[in-house]
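Open your viewer, switch to a cartoon view and keep the selection box handy. We will walk through a few stops, and each one tells you what to select.

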Amino acid sequence: MGTCTLLLLLLLFAILASTPVTESVHLFFPGASYQSLATKQAKASKPKIPYQAHYFPQVLDHFTFLPKSSKIFYQKYLINNRYWHTGGPIFVYTGNEGDIEWFAANTGFLLDIAPKFKALLVFIEHRFYGESLPFGKDSYKSAETLGYLNSQQALADYAVLIRSLKQNLSSEASPVVVFGGSYGGMLAAWFRLKYPHIAVGALASSAPILQFDDITPWSSFYDAVSQDFKEASLNCYEVIKGSWAELEALSTQKQGLVELSRSFRTCRDLHSIDSAWNWLWSAFVYTAMVNYPTEANFMMPLPAYPVHEMCKIIDGYSPKASKISRVFAAASLYYNYSRAERCFEVENGHDTHGLHGWDWQACTEMVMPMTCSKESMFPPSGFDYKEFAEECMRRFGVKPRPHWITTEFGGKRINQVLKRFGSNIIFSNGMQDPWSRGG
């Protein structure tokens with residue numbers, strides 16, 4: 001029997017609970033899972049980026065006037081003013097759940113268009129991520145501190161910082177356009193809706209603002225992942241689909257963990273079959289999420305069209321080979337395309353990019369129910385809200401608000417809403433992107 005990891009990337013991306021696969025399912029969210037980044041390759045030094053870092057004295061709580069509300073923390077933001085002149089446009093990236101330099105290093109689009117528009121580029125780090133920690137090393141200590149981590153506070157941070165920046169630059173007339181991808185794309189769209197007097201437009205890329213409540217079928221994400229692999233190779237899809245039963249059968253054997261540790265070249269002996277299950281699951285899902293037509297190094301160093309390359313590996317094996325051996329070889333492309341890894345940290349991954357604050361967000365407002373249908377290459381599974389809520393209460397002492405996002409930002413009948421007051425928002429989705437069905 002495998003386990004399910006409740007995960008939330010852009011980004012995306014952390015483990016909330018372990019429950020039987022037949023009852024629940026991995027919840028991947030915009031961003032990255034730190035488990036998926038747990039290799040020596042991912043711990044490489046930060047890339048050089050053409051931005052200067054600054055720190056803005058930000059207020060802790062924008063919405064109350066309690067004594068603690070006025071506490072100041074320093075919010076990191078990055079600036080590139082190479083092409084800008086006073087009065088020119090300001091392009092702002094609304095930071096995701098992670099180190100802002102990571103997103104700046106992987107967002108070349110803004111650098112491409114800045115010369116044409118003579119734009120100032122600004123990347124703002126999301127509170128509680130990267131270096132923007134309101135309570136320093138104690139920021140994740142308890143609900144008392146984490147209570148200030150939510151999307152509404154983040155949007156208010158961006159609004160306050162942008163207004164101050166324009167004043168300091170003596171460029172009040174500069175039009176502001178916000179950009180974002182994944183969770184950052186959701187924030188960009190919501191910022192335009194909530195602060196239309198500050199931003200004249202937004203580009204929201206891969207922004208699943210319809211992934212909440214019952215707006216989008218709960219199986220849509222995993223159906224899309226499975227479709228990507230099926231289109232690459234039907235045999236590949238079938239091998240992955242059948243590998244879970246092999247893995248479950250291995251778990252019943254006395255030496256199953258020993259054999260699996262050897263087969264998966266783990267750095268340390270496995271303590272649970274669930275770790276291998278999650279390791280494989282993460283590789284397939286995140287590869288589908290970054291199935292770009294060119295080489296990329298966002299989640300991991302990967303070749304162009306990595307889903308196709310994974311399937312070439314699986315299809316290249318003899319039909320007599322075990323499905324587990326074939327899916328391990330395919331997953332190794334994701335974790336070790338650079339061939340730098342001698343072994344794999346399948347358990348106890350490192351949060352290289354500071355993403356684990358999403359655990360809290362997933363347990364409070366970012367509730368995106370996900371299931372696996374019979375059409376999926378993953379075992380059929382459902383979403384048990386009661387179980388999910390109990391785990392959040394156990395871990396953080398909080399109860400999720402599954403309908404809050406659609407109450408705060410909308411989502412139902414979105415076409416009518418946008419037609420009435422949501423102008424100048426571009427929703428960009430690649431149709432192979434698993435998030436596109438909720439975008």
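Begin with His-126 and Tyr-183 shown as sticks: their side chains make a polar contact at 2.9 Å. A polar contact here is a pair of N or O atoms within 3.5 Å; within protein, one must be able to donate a hydrogen and the other to accept it, and residues adjacent in sequence count only if both atoms are side-chain atoms.

A word about what is on screen: this is a predicted model, in which local features need pLDDT of at least 70 and side-chain atom pairs count only at pLDDT 80 or more, while totals for chains, interfaces and linings use all residues. Residues are numbered from 1 along each chain as its sequence is written, and side-chain values use heavy atoms, with hydrogens and water left out.

**Around His-126**

Is His-126 buried or exposed? His-126 is buried, with a relative accessible area of 0%. Buried means under 20% relative accessible area, exposed over 50%, and partly exposed in between (1.4 Å probe, protein chains only). Trace the backbone and you will find His-126 in the loop between β8 (120-124) and α3 (143-146). Helices (H or I, at least four residues) and strands (E, at least two) are DSSP runs, numbered from the N terminus. Beyond its neighbours within four places in sequence, His-126 is in contact (heavy atoms within 4.5 Å) with residues including Gly-95, Asn-96, Leu-187 and Gln-361.

**Helix α5**

Now select residues 183-194, which form helix α5. Of its 12 residues, 11 are buried, among them Tyr-183, Leu-187, Trp-190 and Phe-191.

**The nonpolar core**

Keep Trp-190 and Phe-191 in view and add Phe-229, Phe-284 and Phe-378: these have the most contacts inside the largest nonpolar core, which has 128 residues. Its largest share, 12 residues, comes from α9. Such a core is a set of buried Ala, Val, Leu, Ile, Met, Phe, Trp, Tyr and Cys residues joined through side-chain atoms within 4.5 Å. Not counting residues up to four places away in sequence, Phe-284 touches Trp-244, Met-310 and Phe-378, among others.

**Helix α9**

Select residues 273-289 for α9. All 17 of its 17 residues are buried. At the N-terminal end, Ser-272 acts as a cap, with a side-chain oxygen 3.0 Å from the backbone nitrogen of Asp-274.

**Zoom out**

Finally, show everything: the protein has 15 helices and 11 strands. Buried residues make up 59% of its 439 residues.

Conventions. Expected span 1.5 Å × (residues − 1).
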